[in-house]
Amino acid sequence: MALLCLVLAPRSRAAEAPAAARPIATRDVSFSLEVQHAIDRGLAWLASHQNSNGWWSTPDHPAVTALALMAWAGRPEDSPGRAPAGLRRGYDFLLQCVQPDGGIHRSNLVTYNTALSMMALLAAREPAYESTIRRARRFLVGLQSDFGEKGRADDVFDGGIGYGTKYSHSDMGNTLAALEALHYSRHLARDRHAGEPDLNWEAAIRFLQNCQNLPAYNKQDWVSDDPKHRGGFIYYPGHSMAGAETNAATGRVALRSYGSISYGGMLSYIYAQLPPEDPRVRAVFDWLRANYTLDENPGMGPQGRYFYFHTMAKALTAAGVTDLELRDGRRVPWRRELAMKLLNLQQPDGSWINTEHARWWEKDPALVTSYAVLALEMIHRGGVALQP
């Protein structure tokens, strides 16, 4: 599977104009080298801040270690020097977190930790890890929610995945992490092992649409038809991290869409193999085009800023978007603009950190540096072009 979402993100069939209609751009070698230098500095910071026992940041959450390992796995081929010896200790640490039921975690946040650890093990391309990945895959499949009558989509949370405890309901963050790991390990469900369990992907799609502000597909009373929010996503049915708006005339309360989870929704639809012409995919892509910015996480300000950058890079890479055409017709070279933003935000020691808001652990430089390096690696592989 090569480097998974870092390299083999699925190509979109709809997001770009036909190749013949796009102006030809020339690769900016100088800027590409600047991006590589920023990646190398970020990786050097990660190498120097790994615990001697193999983990980054905390031993309680192997997901952080997994992100750092994925950052190293995705480094440019011509990066100087060899990978540090500590990477083996990092993978050994992940294996120490494997539980008897196949989950990869220490105690909580079992979905996030298992899914991201799976991604790191897949990125290692080590045949010895296959049995561990298979068991983790079965564990994630077993977390899919079915709250009402078994086998029926009679609850808005059915089909999604939550934090992993017995009574946790589904949410977009955990579902995105699980869908990513299950998508990139789908080959394991297809080959050699007859009867290998797989996710109910149709049920997962129904959960995703239950989190989307799109009245044609989502009939819940909180759904907004306001153009400001139509097509975007919220965190889970009935709750948006970006809050709500009340119609002064009618008193109706509608939930606000926001940037990072809307990119997560688009990416989740891609992992579930919905075609780009599907109205749900088009609607979220239209919302993202209308709300493109690198100044904030739209709807959330500085909260989750680096997760937003990271998820944007993954979603637009997976969708095959070269230049992002905004609703006003302008085409923006999102790779170049995001790269410049991240270069300007890099700290003197090579790390990144959210200096404005600590929410979602973004005061943790190991986590945020991994997000930034992964985004820059996708940009570097996609090519940074001069303006045509």
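How many Å² does the accessible surface of the protein chain come to, and what percentage of it belongs to carbon and sulfur atoms? Here is a short walk through the model, point by point.

1. The accessible surface of the protein chain comes to about 16,200 Å², and carbon and sulfur atoms account for 51% of that surface. Accessible areas come from the Shrake-Rupley method with a 1.4 Å probe, and for residues only the protein chains shown count as cover.

2. A word on what you are looking at: this is a predicted model, in which local features need pLDDT of at least 70, side-chain atom pairs count only at pLDDT 80 or more, and totals for chains, interfaces and linings use all residues. Residues are numbered from 1 along each chain as its sequence is written, and side-chain values use heavy atoms, with hydrogens and water left out.

3. On confidence, the protein chain averages a pLDDT (the predictor's confidence in each residue, from 0 to 100) of 89, and 89% of the residues score at least 70. Please read the start of the chain with care: over residues 1-24 pLDDT stays under 50. For that stretch the model has 61 contacts (heavy atoms within 4.5 Å) beyond four places in sequence.

4. The protein chain has 13 helices and 4 strands; these are DSSP runs, helices being H or I with at least four residues and strands E with at least two, numbered from the N terminus. Of the 388 residues, 56% are buried; buried means under 20% relative accessible area, exposed over 50%, and partly exposed in between (1.4 Å probe, protein chains only). Among contacts between residues at least 6 apart in sequence, 69% join residues at least 24 apart.

5. Next, the interior. The largest nonpolar core (a set of buried Ala, Val, Leu, Ile, Met, Phe, Trp, Tyr and Cys residues joined through side-chain atoms within 4.5 Å) has 109 residues. Helix α13, residues 365-382, gives the most to this core, with 11 residues. Those with the most contacts inside the core are L324, W334, L338, L342, W352 and L376. Leaving aside neighbours within four places in sequence, L376 touches V35, A38, I39, A339, L342, L343 and W352.

6. Helix α11 covers residues 305-318. Its 14 residues reach 20 Å from the first C-alpha to the last, close to the 20 Å expected at 1.5 Å a residue; the expected span is 1.5 Å times one less than the number of residues. This helix is mostly covered, with 13 of its 14 residues buried. G320, with a positive phi near 70°, follows α11.

7. Is N218, in the loop between α8 (201-209) and β1 (244-246), buried or exposed? N218 counts as buried because its relative accessibility is 2%. A polar atom of its side chain lies 3.0 Å from the backbone oxygen of Q212. Beyond its neighbours within four places in sequence, N218 is in contact with Q209, N210, C211, Q212 and V223.

8. The loop between α1 (29-48) and α2 (62-73) holds S52, and S57 lies there too. S52 counts as exposed because its relative accessibility is 56%. S52 and G90 are 38 residues apart in sequence, with their C-alpha atoms 9.3 Å apart. S57 is partly exposed, at 37%, and has a positive phi of about 70° although it is not a glycine.

9. Lastly, L109 sits in the loop between α3 (86-96) and α4 (110-124). Phi of L109 is positive, near 50°, in a residue other than glycine, and L109 counts as partly exposed at 25% relative accessibility.

How values were computed
Polar contact = N/O pair within 3.5 Å; in protein donor to acceptor, adjacent residues only side chain to side chain.
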